[in-house]
Amino acid sequence: MLELISQSPIVAALVALGGMALVFGAALGFAAVKFKLEGDPLVAQIDALLPQTQCGQCGYPGCRPYAQAISEGDAINKCPPGGQATINALANLLAVPAPALDAEHGVEKTVKTVAYIREDECIGCTKCIQACPVDAILGAAKLMHTVIADECTGCDLCVEPCPVDCIDMLPVPTPLADWRWPAPPPPQQLWQSGSLIATDRPLGTTSP
Amino acid sequence: MQEFAVILLSATLVNNFVLVQFLGLCPFMGVSNKLETAIGMASATTFVLTLAAVSSYMVNTWILLPLGLEYLRTIAFILVIAVVVQFTKMFIEKTSPLLHRVLGVFLPLITTNCAVLGVALQNTAKVRSFMEASLYGLGAALGFSLVLILFSAMRERLAVADVPAPFRGAAIAMITAGLMSLAFMGFGGLV
């Protein structure tokens with residue numbers, strides 16, 4: 001066998017190249033298993049930063065489709081529930097400048113809210129159940145509905161379809177364990193209201 | 001020890017692959033718009049170049065030469081390079097999806113980067129030891145990275161400079177590359 005290879009150049013060439021191709025193919029196959037990708041990792045990273053309200057205010061059916069769209073070059077400022085914090089995190093991940101929230105898609109809420117159905121006014125039309133992206137509304141046709149407060153993401157999508165306007169968006173009460181002092185207003189605002197210590201005035205302004 | 005340093009210095013500066021031998025100009029022009037991209041490309045190419053130099057040397061000495069198959073060099077080296085690049089692509093795709101997206105088509109195009117094949121062929125043209133061959137590959141990679149990063153830093157500044165209208169974009173980049181090449185001629189005779 002060895003004699004045949006060294007005697008005939010064509011066989012030697014075939015064996016050498018074929019052997020190399022086999023070895024490299026095995027190495028690449030091993031690497032393909034070792035570095036196997038689960039989905040598109042960039043989409044997964046973006047999706048992890050989105051608030052998962054599935055509210056559709058960005059114009060996509062949910063957070064993951066919007067993450068897909070961002071990875072294909074869509075604007076990152078279409079998510080009102082996430083607000084500026086999410087935009088900054090996305091800009092940081094994608095190494096692009098952070099724009100302000102696009103007002104066309106809604107405004108950022110200052111307080112977290114949750115939907116509440118005034119149950120004696122509910123006529124049981126199930127329209128809010130169909131609108132809810134996270135299935136947080138419980139009920140059946142012609143029977144009263146109610147909201148599972150823990151599941152509600154506060155996306156406002158159920159308010160519009162209600163024919164009798166019996167859904168309110170109530171602020172989520174802060175339990176004692178989570179309570180913090182409210183953050184002070186920005187210096188510019190304090191300065192205008194005249195309640196700031198003189199040395200704390202913003203740069204470039206004079207005393208009022 | 002000294003001859004190793006000479007080989008490294010010669011491959012990096014004196015016989016710089018891009019600016020003196022004019023190999024690998026395609027990524028040099030294509031991926032030098034942003035400094036961060038250039039750094040990513042430089043590290044990917046460094047990895048590929050060094051690994052390709054080592055493995056093509058091994059293929060040449062242990063497979064091609066004993067069997068008298070020197071005429072298969074080019075095709076065998078291309079095979080080696082393609083495998084190394086594919087491996088690098090998988091690795092980057094897994095570890096840094098963003099860099100993978102930014103490098104885009106230029107990552108698989110390292111396969112056809114003539115600097116990579118150039119290193120492998122030049123290593124066989126001169127009789128070198130294993131250590132010398134790998135150092136030559138590393139030196140070439142360092143030289144490529146140095147020039148690519150310098151050039152992209154310059155282009156970032158050129159983008160905001162007040163360039164006369166006919167020279168904007170690619171034209172001023174070509175002129176800059178030419179001037180850099182002239183500057184690198186100054187290293188001639190260093191070793």
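**Exercises on burial and packing**

In this predicted model, 40% of the 191 residues in chain B are buried.

**Exercise 1.** State which secondary structure elements make up chain B and in what order they follow.

Solution. Step one: count the elements, which gives eight helices and zero strands in chain B. Step two: read along the sequence, where the pattern is α-α-α-α-α-α-α-α. Step three: take the contacts in chain B between residues at least 6 apart in sequence; 80% of them join residues at least 24 apart.

**Exercise 2.** Determine where on helix α3 of chain A the buried residues lie, and what they pack against.

Solution. Step one: list the buried residues of α3(A), residues 41-49; they are Leu42(A), Ile46(A), Asp47(A) and Leu49(A). Step two: look down the helix axis; these buried residues fall within an arc of 160 degrees, so they line one face of α3(A). Step three: find the partners, which are α4 (63-71) and α5 (83-94) of chain A together with α5 (97-103) of chain B.

**Exercise 3.** Describe the largest nonpolar core and the helices that supply it.

Solution. Step one: this core has 51 residues, and Val48(B), Leu49(B), Ala52(B), Val84(B), Val116(B), Ala140(B) and Phe144(B) have the most contacts inside it. Step two: assign residues to helices; α1, α3, α4, α6, α7 and α8 of chain B each supply at least two. Step three: identify the largest share, 12 residues, which comes from α3(B). Step four: examine Val48(B); leaving out residues up to four places away in sequence, Val48(B) touches Val84(B), Val85(B), Thr88(B), Ile110(B) and Val116(B). Step five: note a second, separate core of 13 residues, including Cys63(A), Ile76(A), Cys79(A) and Leu90(A).

How values were computed. Residues are numbered from 1 along each chain as its sequence is written. Chains are lettered from A and ligands numbered from 1 in the order in which they are written. This is a predicted model: local features need pLDDT of at least 70, side-chain atom pairs count only at pLDDT 80 or more; totals for chains, interfaces and linings use all residues. Helices (H or I, at least four residues) and strands (E, at least two) are DSSP runs, numbered from the N terminus. A residue is buried if 20 or more other C-beta atoms lie within 10 Å of its own, exposed if 12 or fewer, and partly exposed in between; C-beta atoms are placed from the backbone. Two residues are in contact if their C-beta atoms, placed from the backbone, lie within 7 Å. The arc is that of the directions from the helix axis to the C-beta atoms. A nonpolar core is a set of buried Ala, Val, Leu, Ile, Met, Phe, Trp, Tyr and Cys residues joined through C-beta atoms within 7 Å.
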